[in-house]
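Student: I've got a structure to look at and some words I'd like explained. Can we go through them together?

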Amino acid sequence: MLKKTAVVIAGIFMAMLVSAVMLPTIADAGSGQDSGQDPIKLNYANFPPAPTFPCVQMEHWKEEVEKRTNGKVVINTFPGGTLLGAKNMMDGVIAGQADIGCLCMAYQPGRFVITNATSLPLGLPDAKTGSLVLLDLYKQYKPDAFKGVKVLTMFTTAPANIMSKVPVRTLADIKGLDLRASGGAAQILKAWGANQVGMPMSATPEALQKGVVKGLFSSLEVMKDFKFAETCKYATVTDTVIYPFAVVMNIDKWNSLPKDVQAVLDGLMDEQAEWTGTYMDNHVKEAIEWSKEKQKVEFIILSKEEKAEWDAKLTSITDKWIADAKAKKLPGDKIVEDIKMLKDKHSK
Ligand code: 3IO
């Protein structure tokens with residue numbers, strides 16, 4: 001018995017010796033990716049289902065990172081709230097429950113005051129412009145809200161429109177109607193007189209199905225990606241405000257990355273914002289066609305006179321936001337002016 005154990009121990013010792021001698025040779029020969037070292041694995045959490053745009057951009061980013069780091073980094077993606085949900089994304093990343101997380105800032109309007117100013121009714125025309133404006137605004141102000149994380153990129157949706165089970169043609173139609181939105185978009189619905197119901201997009205399919213809400217206010221690609229067109233047979237074209245998103249990384253994890261990997265991720269920041277905005281804008285067009293042709297959704301265009309009435313309801317929203325920002329010792333006027341300037345710069 002004792003003898004047998006001694007033989008086993010000797011065997012293990014021999015194996016260790018052999019591998020210690022062999023290892024440098026393997027590394028020298030350059031076998032395996034990047035000198036035989038284990039890849040750096042990063043977990044990336046996302047809240048909505050895989051086919052939706054926040055997850056499409058996540059998969060695109062994963063591919064680019066893995067390609068550009070030559071396999072030195074592997075990204076494991078978790079769509080559908082399997083690692084972190086819509087409302088605990090930021091705190092979950094700060095706590096290290098995920099290395100990376102994608103969040104919609106509209107779900108915590110009081111937490112991301114400066115970046116959420118992009119969802120004031122300032123006329124951001126599309127997702128590409130919105131994304132570049134948002135990212136520039138972040139870089140300019142470096143808001144305290146992001147102190148505990150590394151921001152990898154930011155982007156926005158296309159402007160929001162009303163999708164509903166009943167037609168909304170006038171302000172009288174929207175009055176008291178149960179519609180779902182969040183953040184800046186929710187303020188708009190309220191101003192139009194809707195009964196605004198707040199919840200993340202990921203909770204919306206169930207709310208629609210159970211009849212808790214009669215529709216929603218968001219970018220139109222969700223008609224196809226969430227199949228909302230199957231129940232919402234009306235879309236009222238308001239093209240009002242965007243929803244802003246951020247992709248953040250745990251700060252300790254970021255600091256632990258080799259410089260060359262950090263350079264790859266930083267190099268992707270602007271590119272990813274533009275890619276996602278462009279993808280969103282194209283996908284919205286596709287979803288509109290699909291909704292019209294395959295789902296027979298009626299797209300309601302407001303008359304000039306009607307639209308003027310709707311717009312008139314929104315004029316005080318920005319002024320109120322500026323006053324609130326000032327109360328929090330933030331330069332509200334300047335933030336709004338900067339967004340307008342960045343809009344002109346990026347929509348040219
Ligand atoms: C959104 C969120 C998750 C998946 C697809 C989406 N399209 C637009 C949004 C914006 C949003 O977060 C919202 O709540 O309307």
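Here is a short talk about the ligand and its surroundings.

Tutor: Keep in mind that this is a predicted model. The protein chain has an average pLDDT of 92, and 90% of the residues score at least 70.

Student: Which residues come nearest to the ligand?

Tutor: Tyr107, Arg180, Ser218, Glu221 and Tyr243 do, out of 17 residues around the ligand.

Student: What makes the pair between Arg180 and the ligand a polar contact?

Tutor: An N or O atom in the Arg180 side chain is 2.4 Å from a ligand oxygen. The cut-off is 3.5 Å, so the pair counts. Ser218 passes too, because its side-chain N or O atom is 2.8 Å from an oxygen of the ligand. For Tyr107, a polar side-chain atom lies 2.7 Å from a ligand oxygen. On its own the ligand has 350 Å² of accessible area, and the protein covers 100% of it.

Student: Which cavity is the space taken by the ligand?

Tutor: That space is the largest cavity.

Student: How many residues of the shell are nonpolar, polar and charged?

Tutor: There are 11 nonpolar, four polar and two charged ones.

Student: Where does pLDDT stay under 50?

Tutor: Over residues 15-34.

How values were computed. Residues numbered from 1 in each chain as written. Predicted model: local features only at pLDDT ≥ 70, side-chain atom pairs only at ≥ 80, totals over all residues. Heavy atoms only, no water. Near = heavy atom within 4 Å. Polar contact = N/O pair within 3.5 Å; in protein donor to acceptor, adjacent residues only side chain to side chain. Areas by Shrake-Rupley, 256 points an atom, 1.4 Å probe, with all protein chains shown as cover. 1 Å grid on protein atoms, 1.4 Å probe; cavity = no way out; pocket = protein on both sides within 12 Å on 5 of 7 lines; lining within 4 Å. Sits in = over half its atoms within 2 Å of the grid points. Nonpolar A, V, L, I, M, F, W, Y, C, P; charged D, E, K, R; others polar. pLDDT = per-residue confidence, 0-100. Contact = heavy atoms within 4.5 Å.
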